[in-house]
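Colleague: Could you take a close look at one part of this model for me? I'd like to hear about the salt bridges.

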Amino acid sequence: MTTRWTAVRVLRDRTAGRCLTAVVVSGFGTSALWLASGVWVKDLTGSDGLAALCMLAMWAPTLAGPLLGTLADRHRRRPLLVALSLFMAVLLLTLCAVDGPEELWLLYAVLFVYGAAGTVHDAAESALVAGAVDRSLLGDFNGLRMTANEGMKLLAPLAGAGLYTAYGGPGVAVLDAASFLAAALVYLSLRVREERPAPAREGGRSATAEGVRHLWADAGLRPLVLAGGVTMLCAGVSGALTYAVVEDLGHSPAYAGVLYAVQGAGSVTVGLLSGPALRRLGARRFAAYGISLLAAAVALRAVPYDPAAWACSAAVGVGLPAALIAVLTGVQQRTPGPLLGRVTATAGTLVHTPNVIGLAAGAVLVELLGHRAQLVALGVVLGVTAAVLLGQSPASADRTAARSASDASPA
């Protein structure tokens, strides 16, 4: 596998390269704010619970993904991405007014709107890329998008922490606002032809349900998304056991940062290789192989041995993103353009909501059960999920996909 199949292949495509640039630019500011917002609240209030609410405020709007995704199908995607980026750039500047606990309501409100706008943004971007980029590049683009996001998670928090130390929360907010402004300029530079969406023939609830129906009726997408949801549920429980694993290894809690860094390196690697792998295996088998690797890695985390912990972290970094990349690429390839925004957002809700549930469940279970037994059990569940996905008949899935695409009516 050569870089010609991945980075160079995507970056030579004008639209794909510029969309990827926008992802990197805005993702840098987002990752910096995710860290700084919690630290900001902790400094102002001294409360761990109030600091944790920052993450909840940003995540909660994804529950309305099917409804929010409809907005991405009601408007042309490029102007919508420009408008959302400019809106967020202005909104983030209001955080400069937060100077004490009495203004925290403003921070939470901005973070909530941030999460809602991000859900619409992701749906619109996915639909824009699927319509403007050659279909053979979708796997490469989604893989490089994952690589970029993981790279930002490694670099941006450090920059955000330094900026917060020097200028406080408003400094990080200004950085994030600047990143959105830069992303808006990148989207403005795109040269894509988009037809004006046809007027909606159904109301909001019916239009939203149309995307859900398409996702459920497609025999190729349905098991892929369900497998993604189960995978993220197990990943959430496993993630909540991280500090128990670190303690079992005989290290301080800070050692978890080392394991996360190794996991991030694995995610960067699979992002670079996902395009060729998807073309060779298809989304279903690529996801199944990734989940199989994740199953083995999660179960072997029960072994209290440093080299094993490092290897498992790297394998988790490869296996988990493989499933997510496969789901997004499958949705883009098997969904008609007029439905793509709401189907993407619906799939995102079904896949990512279980992760939060898993984190909450893991936080409770770790106090009741030994972490080793839980890790082995999670490995078994993931292994069964991969086997079921591999056992699906690709021929029947393809027949259903063809029927769904031809029967779908424009929204």
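Modeller: Here is a walk through the salt bridges, starting with a linked group.

A word on the ground rules: this is a predicted model, where local features need pLDDT of at least 70, side-chain atom pairs count only at pLDDT 80 or more, and totals for chains, interfaces and linings use all residues. Residues are numbered from 1 along each chain as its sequence is written, and side-chain values use heavy atoms, with hydrogens and water left out.

The structure has seven salt bridges, each being a side-chain nitrogen of Lys or Arg within 4 Å of a carboxyl oxygen of Asp or Glu. Asp73, Arg77 and Arg342 are joined in a network of them. In that network, aspartate 73 pairs with arginine 77, with the closest N and O atoms 2.6 Å apart, and with arginine 342, at 2.7 Å. Arginine 342 sits in helix H13 (residues 340-368) and aspartate 73 in helix H4 (residues 65-74), so this pair ties together parts 269 residues apart in sequence. Helices here are DSSP runs (H or I, at least four residues), numbered from the N terminus.

How covered are these side chains? Aspartate 73 is buried at 4% relative accessibility, and arginine 77 is buried too, at 12%; arginine 342 is also buried. Buried means under 20% relative accessible area, exposed over 50%, and partly exposed in between (1.4 Å probe, protein chains only).

Now for another pair: aspartate 248 and arginine 372 meet in a salt bridge at 2.9 Å, N to O. This one links helix H10 (residues 242-249) with helix H14 (residues 371-391), the two residues being 124 apart. Aspartate 248 is partly exposed at 27%, and arginine 372 is partly exposed at 40%.
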